[in-house]
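Here are some exercises to work through with the coordinates open in your viewer. Try each one yourself before reading the solution.

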Amino acid sequence: MTPTDSGLVHLEDSVPQVKDSPPCPQGARERDLVARGIAWARREGELERARADAVQAQLNERTQELAFALTQLEAIRTSTSWRILRVIRQALPGPVRHAVRRALKVAWWVATGQLIPRLRARRAADLASRPQESRRPDTEHDSSPVFPPETARRLEDDHALALPFGWNPAIEVSQRRIAAIVHLYYEDLAWEFKRYLTNVPGQLDLFISTVDAFRAQCLRHAFADWTKGTVDIRIVPNRGRDIAPKLVSFADIYARYDYVLHVHGKRSYHAGVLALWRQYLLESLTGSRAVVASILHLFEHQPRIGMVAAQHYEPLRHWIHWGGNLPHAHRLASCLGIALNDEAPLDFPSGSMFWARSAALRPILDLSLQTEDFEEEAGGKDGTLAHAIERMYFYVCERAGYDWIKVARPEYCEHTPNLVPVPSVGALDAAVAQSIYRLAHPGSALKRPAPLPAVGQSPAALRTHVLRQALGLDLPTPRRPYRVAVGILTYQNTAQQLIRATGAAKSALQRAVDWLHGEVFLLDNGTDSSDLLPAGARLQRLPSQGNVGFGAGHNRLMQDAFSRGYDVYVAINPDGALHPDALAAMMRMIAANEDWALIEALQFPVDHPKEYDAVTLDTPWVSGACLAIPRSVFERTGGFDERFFMYCEDVDLSWRARAQGVPLKTCATALFLHAVTNRTPTEAIQIQVCQSGLQLARKWGNSSFEDKVMLDLTRLGGEIPPLTASPRAPHEWQRFADFGHGFSFAPVRW
Amino acid sequence: MMNIPAKGPRPEQIDCLVYLPDQQDLPLLARTGFSLYGQFHRPLRMIVVANAAADVTARQVNSALASLTALPEPFELHVCLDDSIEPEHRQDNAFNAGIMQAKGPYIVLMNAGELLYPEACSRLLERLEATGAAMAFSAVRNMNAIWPGASSPCTVVPDFDMLARGEVRLNSGCLINRTRVSHGILRLDTSLPASVRGSDLALRVGAAAGIDFGASHLCLADRYPPDGSDAVDPAASQTSSFDQAAWTLARLQADALLLDRRMQRLDPQYSP
């Protein structure tokens with residue numbers, strides 16, 4: 001029963017062959033063989049039937065066992081002793097009941113002299129029942145995680161105000177001076193922060209810190225059109241995480257403002273589940289005008305409130321403890337004159353983002369901390385002065401004579417109870433009173449008896465919201481539709497390819513008239529294609545200048561399109577076709593990024609294996625197969641580097657764009673049909689790819705990749721391009737280049 | 001009896017039968033439609049098969065795919081609604097109804113959301129023409145997430161051993177020449193457990209006219225678990241022991257039928 005060379009299988013071959021058959025005439029022998037085969041098949045069939053019966057019998061047996069167990073359970077529930085003990089069960093809460101039972105049991109064991117053997121037996125049974133990997137080896141090399149003692153409040157004692165409030169607080173903030181103090185280590189997050197900060201009503205002055213001149217320049221560009229107030233961008237040492245920049249570098253500004261917002265460009269790479277932590281905090285504190293207005297209303301009408309922070313992000317809340325920060329915290333507490341009760345339940349603005357009255361931060365500002373007081377940045381996750389200050393913020397607020405309170409967006413809290421709604425102005429006092437907790441006077445608040453079970457996923461509503469935001473699905477129709485030029489660069493394509501590519505592009509241009517309109521631009525890099533397209537096909541055709549290369553060809557088309565007033569240029573490969581809805585989806589995403597992003601379509605049916613974030617849709621580089629380039633990005637980057645004849649020019653453009661603060665996104669709703677599956681590159685293409693790769697490595701200063709590609713080129717018999725004195729990418733840009741994943745230039749998914 | 005179409009099929013037309021389980025899956029159907037639009041092969045017809053329980057109308061299907069059928073060189077679209085009411089056999093009844101509606105000599109069975117690579121139909125057709133088999137298989141990628149980009153694929157390479165174990169799936173990556181087999185053979189047997197019906201059909205088609213696994217080295221389709229689960233490991237979708245027993249019975253019955261037919265050819269007096 002083996003396939004033939006052609007892979008063809010005939011099932012007749014599967015008939016069992018009977019060996020040592022007696023000699024007989026051909027027909028009789030075959031009949032005999034076949035008859036035996038039938039008999040064998042029928043016998044096997046009977047056996048299989050018997051096996052199926054056996055399986056069925058086992059199933060019946062298990063069903064009976066289950067029925068018996070249910071009967072026993074019911075008998076217990078209806079027994080007299082169970083009913084008698086119901087009073088005790090209801091009278092005593094669960095933990096107390098368990099404690100009483102345990103105490104009685106221990107007392108009985110002591111009285112009967114069986115305590116030690118019992119404890120030994122329990123320990124042995126406990127060890128045996130633990131899964132192998134969770135047992136702690138008794139060696140000094142034990143690396144299993146050790147959780148610090150639980151210090152957070154019980155969930156049932158932990159309240160937060162639900163935001164936004166149930167009415168629209170028409171907050172009068174014109175008399176208040178408000179500042180946002182923002183630390184942005186990752187300058188590419190500037191656009192996201194800008195979007196959130198515009199939700200603050202009235203004037204808002206920005207104080208932004210970053211760690212070098214290059215990042216500062218990107219931030220200046222991002223906030224150049226900030227009209228709600230002043231923008232002060234400062235370069236600070238990369239020390240003390242976001243805390244030192246906010247408390248030390250901007251210590252001079254607090255006195256000038258009534259309220260301050262502390263936020264920073266947090267990226268939590270150390271745990272995937274925390275990837276949306278930043279967005280959660282920003283949504284909770286600045287997610288909409290109504291959210292911010294509610295918080296400001298709280299400050300205005302509750303003068304004792306000094307600080308407003310987000311309720312803990314659910315995937316993080318089982319880590320709410322002192323960690324390794326207690327020694328630092330004790331030192332800090334003694335400086336602040338705070339009696340730190342490390343036995344009392346702890347709470348703090350996890351993530352160190354919050355709104356505050358300036359006065360509520362005065363105690364820590366008065367310490368006049370210096371940057372040198374903070375540890376050198378070592379990439380450590382815990383155990384620094386910055387982490388201790390994060391845990392002390394609420395203590396500081398109380399020390400200043402204020403209360404603090406937590407807030408939450410109910411839609412982003414799937415497993416958090418006690419979100420206190422504030423449906424009306426009149427309900428605010430009661431809601432605040434219910435939600436206030438004082439660290440210095442914990443009262444009857446108890447610590448959690450045990451760590452909470454981990455929440456393994458970010459809230460679904462938050463993921464959906466961030467994704468919708470990234471795709472621009474929540475945007476209104478633009479004031480005027482985008483003028484879109486779809487550019488096709490042909491090279492010896494077939495008529496079928498060109499008819500599809502141009503026809504599909506036109507279809508996509510006409511699909512969402514509120515969002516876009518435009519034309520198809522075409523340039524022949526190979527032979528003249530005008531005969532291949534139907535007469536009367538309306539295209540903007542540029543005169544060919546021969547094969548000038550991919551980047552140069554598209555640059556020509558782009559220059560022409562932008563000079564005619566087009567807003568966006570979309571480069572598409574001639575061997576593909578746009579989905580009718582693709583351009584509209586890409587324009588939405590461009591609008592979501594305020595025309596400042598490079599947007600690639602998703603290649604279809606097999607998308608490019610390089611990774612992209614499934615929620616934010618960020619990607620390390622964008623493919624030129626179907627790429628939308630807004631005018632502003634073209635003007636900033638100059639388009640493709642024409643020294644790349646073919647291949648890698650899109651990677652180079654992507655890295656240059658990222659270095660200049662342009663977000664790169666994959667538009668997962670824009671499909672671009674691209675027939676590249678099962679396509680084996682010819683040797684000439686492999687050589688071309690290597691030559692471009694070599695150029696990329698030289699431009700971006702990666703000698704090891706250069707050496708590797710030179711070897712490949714030599715092996716392929718390709719010509720090694722001579723070293724030229726062409727300009728290299730600036731040194732500060734080189735962190736955006738990724739040569740660690742070969743020609744994928746990014747981690748790949750498969 | 002060979003299933004020779006009565007009228008009007010264009011030469012080498014491929015009918016792609018796409019099962020739509022529910023109205024909610026119309027966006028997935030549109031993705032499948034776009035992958036069919038991308039096929040190099042023409043003429044191509046997309047037959048959307050759905051059960052009455054899917055609560056979907058032909059108008060809705062046409063509307064969901066209208067933008068694709070307006071593109072240059074589109075595929076032809078046909079909707080086939082099956083009104084059988086057995087809930088556990090909806091998909092296969094719908095496929096059986098769709099098979100009856102097929103006009104072209106070749107058919108592909110797919111679920112909404114599954115994608116064929118642009119060269120899939122052409123490559124499989126080449127195999128059938130080269131080998132004379134009635135059915136050609138390629139490798140497929142099992143994906144665990146359609147949206148967006150979080151999938152980790154697992155490639156499944158079908159071969160005769162998989163068929164013998166009853167683990168072959170017909171959806172995507174398989175082209176059938178329906179002119180080479182009779183109506184009676186070319187239908188999914190709903191008396192069998194659902195997990196082995198595809199293998200049963202493949203076995204019967206193979207018994208009649210041969211199966212080609214020569215394109216198994218090529219991955220030509222992406223397949224998604226219909227239940228939206230994350231099962232990409234073929235081992236995870238293994239059938240239960242009861243299903244396996246039923247499958248073995250079906251396989252042996254197919255063997256017996258095959259042998260009966262040979263006996264009848266040898267001895268007209270033979271009665272099974």
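The exercises below go from whole chains down to single residues, and keep in mind that the model is predicted.

**Exercise 1. Take stock of the two chains: how many helices and strands does each have, and what percentage of its residues is buried?**

Step 1: count the secondary structure. Chain A comes out at 22 helices and 18 strands, and chain B at 7 helices and 9 strands.

Step 2: look at burial. Chain A has 750 residues, and 50% of them are buried. In chain B, 62% of the 272 residues count as buried.

Step 3: check the outside. The accessible surface is about 35000 Å² for chain A, with 54% of it on carbon and sulfur atoms. For chain B you get about 10400 Å², with 52% on carbon and sulfur.

Step 4: see how far contacts reach along the sequence. Take contacts between residues at least 6 apart: in chain A, 80% of these join residues at least 24 apart, and in chain B the figure is 79%.

**Exercise 2. Find the largest nonpolar core and say which helix gives it the largest share of residues.**

Step 1: recall the background. Nonpolar side chains tend to be buried together in soluble globular proteins.

Step 2: get the size and the hubs. The largest core holds 137 residues, and the ones with the most contacts inside it are Leu161(A), Trp355(A), Ile389(A), Met392(A) and Leu598(A).

Step 3: name the helix. Helix H13 of chain A, residues 385–399, supplies the largest share of this core, with 10 residues.

Step 4: don't stop at one core. There's a second, separate one of 128 residues, which includes Ala591(A), Tyr612(A), Leu617(A) and Ala625(A).

Step 5: zoom in on one hub. Leaving out residues up to four places away in sequence, Leu598(A) touches a list of residues that includes Val622(A), Leu627(A), Ile629(A), Leu653(A) and Leu664(A).

**Exercise 3. Trp355(A) is one of those hubs; work out which residues are its bridge partners.**

Step 1: place the strand. Strand S8 of chain A spans residues 354–357, and both of its faces are covered: Phe354(A) and Ala356(A) are buried on one side, Trp355(A) and Arg357(A) on the other.

Step 2: find the neighbouring strands. S8(A) pairs antiparallel with strand S6 (residues 259–264) of chain A over 4 bridges. Strand S7 (residues 305–310) of chain A also runs antiparallel to S8(A), joined by 3 bridges.

Step 3: read off the partners. From S6(A), Leu261(A) has Trp355(A) as its bridge partner; from S7(A), Val308(A) does.

**Exercise 4. Trace the open sheet of 8 strands in chain A and explain why one side of each edge strand has no neighbour in the sheet.**

Step 1: write down the order. The strands go S13-S12-S11-S14-S17-S16-S18-S15, and the pairing is mixed.

Step 2: go to the ends. S13 (540–542) and S15 (576–578) of chain A each have a single partner strand, so one side of each is left without a neighbour in the sheet.

Step 3: add the geometry. From one strand to the next, the twist averages 30°.

Step 4: inspect one edge. S15(A) pairs antiparallel with strand S18 (residues 664–674) of chain A over 3 bridges, and Leu578(A) stands opposite Phe672(A) in S18(A).

Step 5: look for the other chain. Helix H1 of chain B, residues 26–37, packs on the sheet and touches S15, S16 and S18 of chain A, making about 55° with the direction of S18(A).

**Exercise 5. How many disulfides are there over all chains, and how far from Cys80(B) and Cys219(B) is the nearest cysteine sulfur?**

Step 1: apply the cut-off. A disulfide needs two cysteine sulfurs within 2.5 Å, and the count is 0 over all chains.

Step 2: check Cys80(B). The nearest cysteine sulfur belongs to Cys16(B), 15 Å away. Cys80(B) has 6% relative accessibility, so this residue counts as buried.

Step 3: check Cys219(B). Here the nearest cysteine sulfur is that of Cys154(B), 10 Å away. Cys219(B) is buried too, at 15% relative accessibility.

**Exercise 6. Is Val211(A) buried or exposed?**

Step 1: locate the residue. Val211(A) is in the loop between strand S4 (205–210) and helix H7 (213–222) of chain A.

Step 2: compare with the cut-off. Buried means under 20% relative accessible area; Val211(A) has 16%, so the verdict is buried.

Step 3: list some neighbours. Not counting residues up to four places away in sequence, Val211(A) touches residues including His183(A), Tyr185(A) and Pro237(A).

Note on methods. Residues are numbered from 1 along each chain as its sequence is written. Chains are lettered from A and ligands numbered from 1 in the order in which they are written. This is a predicted model: local features need pLDDT of at least 70, side-chain atom pairs count only at pLDDT 80 or more; totals for chains, interfaces and linings use all residues. Side-chain values use heavy atoms; hydrogens and water are left out. A nonpolar core is a set of buried Ala, Val, Leu, Ile, Met, Phe, Trp, Tyr and Cys residues joined through side-chain atoms within 4.5 Å. Buried means under 20% relative accessible area, exposed over 50%, partly exposed in between (1.4 Å probe, protein chains only). Contact means heavy atoms within 4.5 Å. Two strands pair if DSSP finds at least two bridges between them. Axes are lines fitted to C-alpha atoms, for helices over the stretch in contact, and angles run from 0 to 180 degrees between N-to-C directions. Accessible areas come from the Shrake-Rupley method with a 1.4 Å probe; for residues, only the protein chains shown count as cover.
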